Amino acid sequence: MVPVLGQHDLVEPEPFPLATEERGEKHRHEEELRLAEQLRQEEEARKFKAQPIPVGTPKAVRPTSREPIVVQEFPLMTEMRGAEHQSELHARLEAEEEMEQMQHQFKARPKPRVNPFQLQPSNKPLTEVAEFELNTDRRKTERQRFEEMLAAKETSAQAAMQERKRIEHEKEVAEIARIRRESVFHAQPILRPSHQFQLAPSGAPLTVPASPNLHTKSRAVRSPQQAPKTPRRSSMRPPPPR
């Protein structure tokens, strides 16, 4: 049997509307209308609109017999206090300026009415120059002594260390020589006939055999009545836990 292939047409999908697309389109249209209305209202609000001219004749002003009010000046307490403060400030500034000018004026002191100074010879003895020791010289001498003492200590310490090293080296050389001497193989000398081993009989008494005292013998001597009774084991098993 040979299968026969038929001719099949391609499947063409048909468009179908979605509810979400319809709602989205509706919402988009409503939003566009709302924005257009808002723009129109803003344009209307920006337009200038003048008030209309009133219709009819204006009202006539009625005559009156009252006299117009005349404004009279009246003093304020703040103005009075301000004038007093300005006058006091002006007087204080003038007094300070006058005092400053007086202080800046030069006034020489009067000449003192005394006899002129006369130089007289001194009655004190002349200064004698004496030798003196500086602390730097004293510290220098002490420092030299200290350095000499340190050098002597270091020399003695080095000499002691060299002597100790020499002694240790001599001990080490002697120990190595001893170990070498001991490590050299020395054969045992051949025994002379006078020093050969000779077998001699022993003077100790012979060993007498004795039977050990075992507990098995004492148990065998016991009677069956005296034998201890061993408890019997129960063959019953305990009940299983609940």
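Let's start with R138, which pairs up with E142 in a salt bridge. In this predicted model, the closest N and O atoms of R138 and E142 are 3.3 Å apart. That fits the cut-off, because a salt bridge asks for a side-chain nitrogen of Lys or Arg within 4 Å of a carboxyl oxygen of Asp or Glu. Now find the two partners on helix α3, which covers residues 135–183. R138 and E142 are four residues apart there, so about one helical turn separates them. Are these side chains buried or out in the open? Somewhere in between: R138 has a relative accessible area of 35%, and E142 comes in at 42%. Both values count as partly exposed, because that label covers what falls between under 20% (buried) and over 50% (exposed).

Stay on helix α3 and slide along to E163 and R166. Here the spacing is three residues, again about one turn of the helix. Salt bridges that share partners tie E163, R166 and E170 into one network. Within it, R166 and E163 have their closest N and O atoms 2.2 Å apart. As for how open they are, R166 is partly exposed at 40% relative accessible area, and E163 is partly exposed too, at 36%.

Next, hop over to helix α1, residues 19–46. What do the side chains of E37 and R40 do here? They meet in a salt bridge, with 2.3 Å from N to O. E37 and R40 sit three residues apart in the helix, about one turn. E37 counts as partly exposed at 34% relative accessibility, and so does R40, at 44%. If you feel like hunting for others, the total count in this model comes to eleven salt bridges.

Finally, take a look at some charges without such a partner. Which residues form a negative surface patch? They are E94, E96, E97, E98 and E100. The patch is called negative because Asp and Glu count as negative. To join a patch, a residue needs over 30% relative accessible area and no salt bridge. Pick out E97 as an example: you'll find E97 in helix α2, which runs over residues 77–104. E97 has a relative accessible area of 47%, so E97 is partly exposed.

Notes: Residues are numbered from 1 along each chain as its sequence is written. This is a predicted model: local features need pLDDT of at least 70, side-chain atom pairs count only at pLDDT 80 or more; totals for chains, interfaces and linings use all residues. Side-chain values use heavy atoms; hydrogens and water are left out. Patches are made of residues with over 30% relative accessible area and no salt bridge: like charges are joined within 9 Å, nonpolar side chains (Val, Leu, Ile, Met, Phe, Trp, Tyr) within 5 Å. Accessible areas come from the Shrake-Rupley method with a 1.4 Å probe; for residues, only the protein chains shown count as cover. The place of a charge is taken as NZ of Lys, CZ of Arg, CG of Asp or CD of Glu. Helices (H or I, at least four residues) and strands (E, at least two) are DSSP runs, numbered from the N terminus. Buried means under 20% relative accessible area, exposed over 50%, partly exposed in between (1.4 Å probe, protein chains only).
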